[in-house]
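Welcome to a short tour of a protein model. Take a moment to look it over, and then we will walk through some of its parts together.

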Amino acid sequence: MQFPGAAQLTATAAVTSGVGMVTLQAPEEVRERLSIMMPEVVTTSGKSTAVLERATAAAIGPGISRDVFQIAAMGRAVEWAGTEHPCVIDASALANLDDEYFADEDLGPNVLLTPHYGELRRVMTNTGHEDLREVLDRDPATAVEQLAARLNVTVLLKGPSTIIAAPQGPTVVHRVHAPGLATAGSGDVLTGIIGALAAVDPQAPMWRTAALGVRLHAEAAKRLDPYACGAFGAGELLSTVAPTR
């Protein structure tokens with residue numbers, strides 16, 4: 001695993017967001033580290049599909065590298081999500097997406113991509129929608145809407161104005177002045193929050209779950225940094241994430 005701390009941030013954020021049980025599928029060194037720091041998180045190896053059979057929702061990507069076993073696990077998770085299960089795809093997993101994942105149109109709006117601008121440009125290129133990169137430069141909301149429609153998934157573009165669009169759904173724009181959320185690892189925390197929300201209410205539209213997650217993420221930042229000085233790291237953000245129930 002390339003960034004083991006990212007997996008820890010995501011799993012911890014899911015726990016603090018009020019989900020009943022969090023399972024981390026990761027290499028042994030990451031599992032050992034998290035078992036010491038967060039003993040309530042169940043851990044399993046990256047070579048088993050049993051964890052997906054018991055899951056309500058999944059979050060894929062924070063911390064993974066291009067290791068062949070992790071890429072294979074990602075493929076199984078995306079296939080499991082299909083049109084039935086909520087699934088958040090973030091971070092390194094976004095870099096591994098290509099048009100093959102969307103070729104058969106087996107995914108649906110329950111699958112959420114959560115890129116920042118650089119990651120979104122790469123997704124557009126890797127999935128054969130380079131023409132949207134120019135649209136992104138002049139009209140981000142339209143670019144996100146069009147990509148969501150073309151890929152038949154929900155897309156959340158992270159930034160000072162976070163944009164969420166879903167196929168045949170509304171477009172949500174969330175603006176917040178919280179410079180601390182631009183720090184490394186903050187997106188991993190957001191992934192954990194949204195994954196937990198999706199597990200708590202898997203029948204809710206993913207765009208609504210994502211919007212709630214963005215709001216809780218921003219509120220946590222405001223509690224930690226009420227004057228928006230930006231002087232905190234993602235690890236500190238975990239202490240102010242409010243449970244959803």
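H217 is buried, with a relative accessible area of 7%; buried means under 20% relative accessible area, exposed over 50%, and partly exposed in between, using a 1.4 Å probe and protein chains only. The residue sits in helix 10 (residues 206–224). Helices (H or I, at least four residues) and strands (E, at least two) are DSSP runs, numbered from the N terminus. Which residues does H217 contact, leaving aside its neighbours within four places in sequence? They are L181, S186, V189, L190, I193 and L237, where contact means heavy atoms within 4.5 Å.

Before going further, please note that this is a predicted model, in which local features need pLDDT of at least 70, side-chain atom pairs count only at pLDDT 80 or more, and totals for chains, interfaces and linings use all residues. Residues are numbered from 1 along each chain as its sequence is written, and side-chain values use heavy atoms, with hydrogens and water left out.

**The nonpolar cores**

A nonpolar core is a set of buried Ala, Val, Leu, Ile, Met, Phe, Trp, Tyr and Cys residues joined through side-chain atoms within 4.5 Å. The largest one here has 35 residues, and the members that touch the most others are I60, I89, V111, L113, L120, L147 and V153. Apart from that core lies another, of 15 residues, which includes V189, L237, L238 and V241. Two of these names, V189 and L237, may be familiar as contacts of H217. Back in the largest core, I60 is in contact with M74, A77, V78, C87, V88, I89, D90 and A93, once its neighbours within four places in sequence are set aside.

**Helix 4 and its two sides**

M74, A77 and V78 bring us to helix 4, where they are among the buried residues, together with Q70, A73, W80 and A81. Seen down the axis, the buried residues of helix 4 fall within an arc of 155°, so they line one face of the helix; the arc is that of the directions from the helix axis to the C-beta atoms. The face turned away from this buried side carries the exposed residues V68 and E79. What covers the buried residues? The cover includes helix 3 (50–53), strand 3 (58–60), strand 4 (87–89), helix 5 (92–95) and strand 5 (111–113).

The length of helix 4 can be checked too. At 1.5 Å a residue, its 14 residues (68–81) should span 20 Å, and the end C-alpha atoms are 20 Å apart, which agrees. The expected span is 1.5 Å times one less than the number of residues.

**Positive phi angles**

Most residues other than glycine have a negative phi. The table gathers some places where phi is positive.

| Residue | Place | Phi |
|---|---|---|
| G82 | just after helix 4 | about 45° |
| A91 | loop between strand 4 and helix 5 | near 50° |
| N152 | loop between helix 8 (140–151) and strand 6 (154–157) | near 60° |
| Q168 | turn between strand 7 and strand 8 | about 55° |

A91 is buried, with a relative accessible area of 17%, whereas N152 counts as partly exposed at 28%.

**A hairpin**

Q168 belongs to the turn of a hairpin formed by strand 7 and strand 8, with five residues between them. Strand 7 (residues 161–165) and strand 8 (residues 171–175) run antiparallel and are joined by five bridges; two strands pair if DSSP finds at least two bridges between them. Within this pairing, T162 stands opposite H174.

**The loop between helix 6 and helix 7**

H129 lies in the loop between helix 6 (117–126) and helix 7 (131–138), and E130 has its place there as well. Is H129 buried or exposed? At 15% relative accessibility, H129 counts as buried, while E130 is partly exposed, with 42%. Not counting residues up to four places away in sequence, H129 touches M124, L147, R150 and L151, and E130 touches M124 and T125. The side chains of H129 and R150 are also joined by a polar contact of 3.2 Å. A polar contact is a pair of N or O atoms within 3.5 Å; within protein, one must be able to donate a hydrogen and the other to accept it, and residues adjacent in sequence count only if both atoms are side-chain atoms.
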